[in-house]
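This briefing goes through the empty spaces, the cores, the domains and two backbone features of one protein chain. The structure is shown first, and the points follow by topic.

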Amino acid sequence: MTRISLTVDGANVSDDVEPRMLLVQYLREKLGKTGTVIGCDTSNCGACTVHLNGTSVKSCNVLAVQADGAEVTTIEGLARDGQLHPVQEAFRECHGLQCGFCTPGMIMQSVDLLSTNPNPSEEEIRLGLEGNLCRCTGYHNIVRAVQHAASQGATS
Ligand code: FES
Ligand code: FES
């Protein structure tokens, strides 16, 4: 077992983990952060996307020990003081989801996209989200949601 200490959604946590444990397993199984979901665990679907030191990563593709000392934000840490993050609000307003399974990863990826490109074109949005798969929506309303969030100045 290896001791890791990190910040998750603003809280300091410390745990002994097996070196082979994935970050997504750590978040879900040790911390109960089940808002981060597993769609494939082969780094294809993006459902498990979280932010590691401010950048989006597929947490099924990162070992928990690699997050030692890092700051991790999950979908559960985006809202502030009971207010949805502007990107969460935009997905709600634009109906950017159906079953919702891909939504945590889509939103985390969209927040990262807007932090580096606050005013993306439709093509840039589609490219920025190409690592996140959705079986339900056909992506149309997801793109609209990101455009709407951008128009509201949602950059962080
Ligand atoms: S569960 Fe991580 S990319 Fe699919
Ligand atoms: S809303 Fe169902 S997978 Fe995207």
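How do the residues of the lining of the largest cavity divide into nonpolar, polar and charged? They divide into six nonpolar, four polar and one charged. The model is predicted, and its chain is divided into domain 1 (2-76) and domain 2 (86-151).

**Cavity**

- The structure holds one cavity of 30 Å³ or more.
- The volume of the largest cavity is about 40 Å³.
- Its lining consists of Val37, Ile38, Gly39, Cys40, Asp41, Ser43, Asn44, Cys45, Gly46, Cys48 and Cys60.

**Largest pocket**

- The largest pocket contains about 330 Å³ of space.
- Lining this pocket are 17 residues, of which His51, Thr73, Gly77, Leu78 and Arg80 are the closest to its centre.
- Strand 5 (71-73) and helix 3 (103-116) are the elements that give two or more residues to the lining of the largest pocket.
- By residue class, the lining of the largest pocket has three nonpolar, 10 polar and four charged members.
- Domain 1 and domain 2 each provide at least three residues of the lining of the largest pocket.

**Second largest pocket**

- The second largest pocket has about 210 Å³ of space.
- Its lining is formed by Gly39, Cys45, Ala47, Cys99, Phe101, Cys102, Leu133, Cys134, Arg135 and Cys136.
- Eight of these lining residues are nonpolar, one is polar and one is charged.
- At least three residues of the lining of the second largest pocket come from each of domain 1 and domain 2.
- Gly39 and Cys45 line the second largest pocket and also appear in the lining of the largest cavity.

**Domains**

- A distance of 21 Å separates the C-alpha centres of domain 1 and domain 2.
- In the contacts between the domains, 18 residues of domain 1 meet 12 residues of domain 2.

**Nonpolar cores**

- In soluble globular proteins, nonpolar side chains tend to be buried together.
- The largest nonpolar core has 23 residues, and those touching the most other members are Val87, Phe91, Met106, Ile107, Leu114 and Val146.
- At least two residues of this core come from each of helix 2 (86-93), helix 3 and helix 5 (140-151).
- A second, separate core has 17 residues, among them Val13, Leu23, Leu27 and Ala70.
- Apart from its neighbours within four places in sequence, Phe91 is in contact with Gly96, Leu97, Thr103, Met106, Ile107, Ser110, Ile142, Ala145 and Val146.
- Among these contacts of Phe91 are Met106, Ile107 and Val146, which are listed with Phe91 as touching the most other members of the largest core.

**Positive phi outside glycine**

- Ser43 is a residue other than glycine with a positive phi, near 60°.
- Ser43 is located in the loop between helix 1 (23-30) and strand 3 (49-52), and Ser43 also lines the largest cavity.
- Why does Ser43 count as partly exposed? Its relative accessible area is 26%, and partly exposed covers the range between under 20%, which is buried, and over 50%, which is exposed.
- Asn53 likewise has a positive phi without being glycine, with a value near 50°.
- Asn53 sits in the loop between strand 3 and strand 4 (55-58).
- Asn53 counts as exposed because its relative accessibility is 55%, and the cut-off for exposed is over 50%.

Note on methods
Residues numbered from 1 in each chain as written. Chains lettered and ligands numbered in written order. Predicted model: local features only at pLDDT ≥ 70, side-chain atom pairs only at ≥ 80, totals over all residues. Heavy atoms only, no water. 1 Å grid on protein atoms, 1.4 Å probe; cavity = no way out; pocket = protein on both sides within 12 Å on 5 of 7 lines; lining within 4 Å. Points joined across faces, edges and corners; volume = space filled by probe spheres on them. Helix = DSSP H or I, 4+ residues; strand = E, 2+ residues; numbered from the N terminus. Nonpolar A, V, L, I, M, F, W, Y, C, P; charged D, E, K, R; others polar. Domains from an automatic or database assignment. Core = buried A, V, L, I, M, F, W, Y, C linked by side-chain atoms within 4.5 Å. Buried < 20%, exposed > 50% of the residue type's maximum accessible area, 1.4 Å probe, protein only. Contact = heavy atoms within 4.5 Å.
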